[in-house]
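Good morning, colleagues. Please have the sequence and the model open while I speak about its internal spaces and its aromatic rings.

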Amino acid sequence: MPPRRSIIVFACLILLSTIVLTVHKLGKARPEFLGKLVTSKASNKVQTLQGFQETSSQPCAKDVGWLANFDIQYPIKYAERKIVVRSKPGLGRESLTKVDESLFPEAKEMVATQESHLELRDCKPPITLDVPVFPTSPVNASSMVFGMATTLERLDDSRHHIARWLAHTQAKLLVVVIKPEKGTLATDEQIAIRQGVMRDQGMDVTLVRPLDKGEIYTESYFSLVKIMYTHRSEESSWFVLMDDDTFFPSMQALLAMLGKYDPNQQYWIGAVSEQWWSVGRYGMMAFGGAGIFLSRGLTAVLNDEYETCTTEMHKAAGGDERVMRCVYGHTETKLTNEPALHQMDIFGDLSGVYESGRLPLSLHHWKGGDYPVDLMSLVSDVCGDCVLQRWQFGKDTVLTNGFSIAEYPEGDYANGLDFRKAEETWDSHTVEESVNPGTWHSMSPSRPRLALDQQKIQHRLLESTIVDDGVRQTYVHKGKKDGDPATVLVLYWSREDSAAWGKNSTRSS
């Protein structure tokens, strides 16, 4: 072979070896690379995240000493996962997002005794989820003035929950301090102390006494119309009457809803009861627990008619009924119904409401049940309106963020459910001779309830707390029957840009 041809052949062999070696290295890196490829497609408010490849698990050490704070019977099954959220412009809040990856290892770790340190055999790496753009600081709600009538004792019970949505938003809150059924009227010193504590938490709160010393609760409630209007500023556009157990999960969503309406016009915005029999009794009325939103234009009229309305309504049963009678009696305004505001006049198991995938603008009656709305909403400090948002992992696990992790043990059963429909877990009261079976007008579309621990295994939120770089959530299922070990599932939520963490977490203080 001629020397020149030998040199060419030798060079080609070297080039070929380099290509083979490079391809071999890329092949080894391929699983990690594929795990970062995400394409999304939204359809009927169900989004599918494709391209996830099941990543291998590795042993890891975990500190679980904080579990000692809770009444958990050992042995337990344990698993945890870190979720990193990424703010994606243009992405909407979907009812359900499907992820082609399991959330936890198939086999949960068995922990025999209470320990502060665990050596886990099977730990999955963090998973990244895209969420709609979230605010990096509390929203500016200076256009809103809230008002409630309550006792100091009940205000103390609600203070932390109110701080979750009100603190650092520049919205005003007026509280009429009324006398408890049993007890004495609060002193000026007691009122000043409570006001100072709430202001130290970042809330623009003013506590006032009733306009009339002898007035009852319903009169104090209606008097908020005059009191709020008196305390208005140039920015005040919306005046909101509420109960002390009304909770607003997202001020950002609340402002977006109000943004559809001109506050200079006469608007009376609220929601009727979820129960049809209640609507039949009270009519098209904004129920107070869901929040009653009065525009600046309407509030000015009601303020002018305040004395007349007060005289006319001595027989009205509730404060929200007094508002209705004044609106219908002295204006041409009709109720603007916003069904995402919730009076929560439904009873029994309310899981179907919270697990519906719908973002509620308000929630009521949280004091009367096992629904810690303040803990549910804590994750919103990390990812905005992702609270109560749903993700389906693999074929059988659905996370309702801040409320539950549900597993469907019949394998593909979850794929056969229409998750656009709310599960009818609540108790419904039918109305005779009515086409509406009870909650069609408020909770449709809906589907029949599933049998717990058979068709659906539900892990409910036990605790939620701020940790170094985000929020930790703990979900627990106590076992199908006595003697079965409880299952503890833990999620750690953080932002992709962890340096930004803390800018939006001040409301939880």
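The lining of the second largest cavity comprises five nonpolar, four polar and six charged residues. I should state at once that this is a predicted model. The volume of this second largest cavity is about 100 Å³. Its lining has 15 residues, and those closest to the centre are Glu355, Tyr408, Phe419, Arg447 and Lys456. Which strands each supply at least two residues of that lining? They are strand 20 (397-400), strand 21 (404-407) and strand 22 (422-423). Two of the residues just named also meet as charge and ring: Arg447 lies over the face of Phe419, and the distance to the ring centre is 5.3 Å. In total, the count is five cavities of 30 Å³ or more.

Let me turn to the largest pocket. Its space amounts to about 550 Å³. It is lined by 23 residues, with Glu106, Lys108, Glu407, Ile457 and His459 nearest its centre. By class, the lining of this pocket has eight nonpolar, seven polar and eight charged residues.

I come now to the aromatic rings. How many aromatic pairs does the structure hold? There are 15. One of them joins Phe146 and Phe248: the ring centres are 5.5 Å apart and the planes meet at 50 degrees, so the pair counts as tilted. This pair links distant parts of the chain, since Phe146 belongs to strand 9 (residues 144-150), while Phe248 is in the loop between strand 13 (246-247) and helix 5 (251-258), 102 residues apart. Are these two rings buried or exposed? Phe146 is buried, at a relative accessible area of 0%, and Phe248 is buried, also at 0%.

Another pair, Trp268 and Tyr328, is edge-to-face, with 5.1 Å from centre to centre and 85 degrees between the planes. Trp268 is in strand 14 (residues 268-270) and Tyr328 in helix 9 (residues 319-330), so this pair ties together parts 60 residues apart in sequence. Trp268 is buried, with a relative accessible area of 0%, whereas Tyr328 is partly exposed, with 35%.

Ring pairs also build a cluster, which links Phe146, Trp165, Phe248 and Phe293. Phe146 and Phe248, the tilted pair described a moment ago, are thus both part of this cluster.

Finally, there is one further contact between a charge and a ring. The charged end of Arg472 sits over the ring of Trp66, at 3.7 Å from the ring's centre.

Definitions and conventions: Residues are numbered from 1 along each chain as its sequence is written. This is a predicted model: local features need pLDDT of at least 70, side-chain atom pairs count only at pLDDT 80 or more; totals for chains, interfaces and linings use all residues. Side-chain values use heavy atoms; hydrogens and water are left out. On a 1 Å grid over the protein atoms alone, a cavity is a set of points where a 1.4 Å probe fits but cannot get out, and a pocket is an open set with protein on both sides within 12 Å along at least five of seven lines; lining residues have an atom within 4 Å of a point. Grid points are joined across faces, edges and corners, and a volume is the space filled by probe spheres set on the points. Ala, Val, Leu, Ile, Met, Phe, Trp, Tyr, Cys and Pro count as nonpolar, Asp, Glu, Lys and Arg as charged, and the others, Gly among them, as polar. Helices (H or I, at least four residues) and strands (E, at least two) are DSSP runs, numbered from the N terminus. Rings of Phe, Tyr and Trp (its six-membered ring) pair if their centres lie within 6.5 Å; planes under 30 degrees apart count as stacked, over 60 as edge-to-face and the rest as tilted. Buried means under 20% relative accessible area, exposed over 50%, partly exposed in between (1.4 Å probe, protein chains only). A charge sits over a ring if NZ of Lys or CZ of Arg is within 6 Å of the ring centre and within 35 degrees of the ring normal.
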